[in-house]
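Please open the model in your viewer and keep the sequence panel beside it, since each stop below begins with a selection. The tour moves from a single residue to whole chains, then to strands, helices and the contact between chains.

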There are 2 protein chains.
Amino acid sequence: MYVPKHFQQTDTATLFEVIRDYPLATLITVTDQGLEANHIPFCLNRTDGKNRLQGHLAKGNPLWKNLPDGSEVLVVFQGPHAYISPSHYPTKQETGMVVPTWNYIAVHVRGTLQYRHDPEWCQTLVENLTNQQEARQDSPWAVSDAPQAYVDKMLAAVVGIEIEITDITGKWKVSQNQPERNLLGVAEGLSRDTNTEVQKMAAVVGKRVLAS
Amino acid sequence: MYVPKHFQQTDTATLFEVIRDYPLATLITVTDQGLEANHIPFCLNRTDGKNRLQGHLAKGNPLWKNLPDGSEVLVVFQGPHAYISPSHYPTKQETGMVVPTWNYIAVHVRGTLQYRHDPEWCQTLVENLTNQQEARQDSPWAVSDAPQAYVDKMLAAVVGIEIEITDITGKWKVSQNQPERNLLGVAEGLSRDTNTEVQKMAAVVGKRVLAS
């Protein structure tokens, strides 16, 4: 990913926040069958001083047969994004010298993938992933709410995957290359959009104004 | 991408709709420098009986120097997605035999990438991309609103890319593997979410009920 210096995000806590808030990632792999992408929700695991992504594949997905254990993979998490109309820039009125762009937040993780066939490992993973997502619900469902025999059957249909993170890159393309009055215009303009993801981008741009 | 038969979406018009509604794609490439992903907005172009994705890279992005003209690439478009809590399933009360999942819509395009260095080609592309996005705005901005000398300067800083589509795959993972009362529960549950993308997934699941 091309990341000009002013769009770099190096704060690890902020990068991990995106992984937690936007867990459905794109797992990108290269095998003898070629380039492939699969959409997998991941859970961040931080134990023993290591950072890992944990997830699972359906056993029906041939990836685990085609991609050798220990392969290098790329995992892309995407945060909020929004088309930025020049109409949001006050400098449009002043000089007319404006063009549209796209704001977005992306976190790219590189690491080594290992398969986990142990049903207990898989059960812990689905519990962690479930608890993370259910925390937003009014009455959180727990894996223990289902009969264990049924859970065992479900777990037998998946293969655990664990990716030890060797590199993490964050790109926050959030109008940093604009003068402050344009940042304010973008934050204000996007905040009026009906799409809540666009509103989240408005908040990110607005924070930049406060920080500057 | 692993696509079980019941999650396949083969209607080309529906696939192209996602490309138009979610144009910010992930361009995935393999070069001597390894596996890479870049986030690029694309415009669909359908002329001469061919389907092409058109976009541009910043000249500062080394990809156009590292990736040879004519390379095979993978472009991933992602539509709405949502975590599906078992709480949305009426069958949870009946049997307890339910587990969470993630619904999502993805369109994967494969094709051959060619660079376009012609400034006129690039101007037409940015006009098409701009007009597509500005159609949603109250007072649409047009490229012709900016001084042409400024537009020329901006165009000199990008490289056009065109991908002739050789394959397109759609995955609509939208609760088709659930009984109708669970589809209704998911549509109703997601429609109450405050996130508008989750509400869009509710509408997609709801349409399945009507169609079934």
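Does B:S175 count as buried or exposed, judged by its C-beta neighbours inside 10 Å? Select B:S175 in this predicted model, and you will find the residue in the loop between β8 (158–173) and α6 (180–191) of chain B. B:S175 counts as buried because 26 C-beta neighbours lie inside 10 Å, the cut-off for that class being 20 or more. Its backbone deserves a look as well, for the phi of B:S175 is near 70 degrees, a positive value in a residue other than glycine. Most residues other than glycine have a negative phi.

Now select A:S175, which is placed in the loop between β8 (158–173) and α6 (180–191) of chain A. The phi of A:S175 is near 70 degrees, again a positive value in a residue other than glycine, and A:S175 counts as buried, with 27 C-beta neighbours inside 10 Å.

**Chain A as a whole**

Widen the selection to chain A, where 7 helices and 8 strands are found. Along the principal axes, the C-alpha atoms of chain A fill a box of roughly 65 × 45 × 30 Å. Of the 212 residues in chain A, 37% are buried. If you display contacts in chain A between residues at least 6 apart in sequence, 71% of them join residues at least 24 apart. Colouring by confidence is a sensible check at this point: chain A averages a pLDDT of 96, and 100% of the residues score at least 70. For the complex, the predictor gives an ipTM of 0.96 and a pTM of 0.97.

**Strands of chain A**

Select residues 24–31 of chain A, which form strand β2, together with residues 34–41, which form strand β3. These two strands run antiparallel and are joined by 8 bridges, while a hairpin takes the chain from β2(A) to β3(A) through 2 residues. To see the register, pick A:A25, which stands opposite A:I40 in β3(A).

Keep β2(A) selected and add strand β6 (residues 71–84) of chain A, which pairs with β2(A) in the antiparallel sense over 3 bridges. Here the residue to pick is A:T26, which stands opposite A:V76 in β6(A).

Next, move to A:P62, in the loop between β5 (50–58) and α2 (63–66) of chain A. How many other C-beta atoms lie within 10 Å of A:P62? There are 13, so A:P62 is partly exposed. A distance label from A:P62 to A:G79 shows residues that are 17 apart in sequence and 28 Å apart in space, C-alpha to C-alpha.

**Strands of chain B**

In chain B, select strand β4 (residues 43–47) and strand β5 (residues 50–58), which run antiparallel and are joined by 5 bridges. B:L44 has B:L53 in β5(B) as its bridge partner. The two strands form a hairpin with 2 residues between them, and B:D48 in the turn has a positive phi of about 55 degrees.

Add β8(B) to the view, since β5(B) and β8(B) pair in the antiparallel sense over 7 bridges. One place to look is B:G55, whose bridge partner in β8(B) is B:I161.

**Two helices of chain B**

Select α4(B) and α5(B), whose axes lie 10 Å apart and which pack at an angle of about 105 degrees. The two helices α4(B) and α5(B) are therefore roughly perpendicular to each other. On the side of α4(B), the contact is made by B:P119, B:C122 and B:Q123, and on the side of α5(B) by B:V151, B:D152 and B:L155. By class, this contact of α4(B) with α5(B) has 4 nonpolar, 1 polar and 1 charged residues.

**Where the chains meet**

Finally, show both chains and select the contact between them, which takes 48 residues from chain B and 48 residues from chain A. On the side of chain B that touches chain A, the elements that each supply at least two residues are β2 (24–31), β3 (34–41), β6 (71–84), β7 (101–116), α4 (119–134), α5 (148–155) and α7 (196–211) of chain B. Which element gives the most to that side of chain B? It is β3(B), with 6 residues. Coloured by class, the side of chain B that touches chain A has 27 nonpolar, 17 polar and 4 charged residues.

Terms used: Residues numbered from 1 in each chain as written. Chains lettered and ligands numbered in written order. Predicted model: local features only at pLDDT ≥ 70, side-chain atom pairs only at ≥ 80, totals over all residues. Pairing = 2+ DSSP bridges. Helix = DSSP H or I, 4+ residues; strand = E, 2+ residues; numbered from the N terminus. Contact = placed C-beta atoms within 7 Å. Nonpolar A, V, L, I, M, F, W, Y, C, P; charged D, E, K, R; others polar. Buried ≥ 20, exposed ≤ 12 C-beta atoms within 10 Å, placed from the backbone. Axes fitted to C-alpha atoms, helices over the stretch in contact; angles between N-to-C directions. Parallel < 35°, antiparallel > 145°, perpendicular 65-115°, else oblique. pLDDT = per-residue confidence, 0-100.
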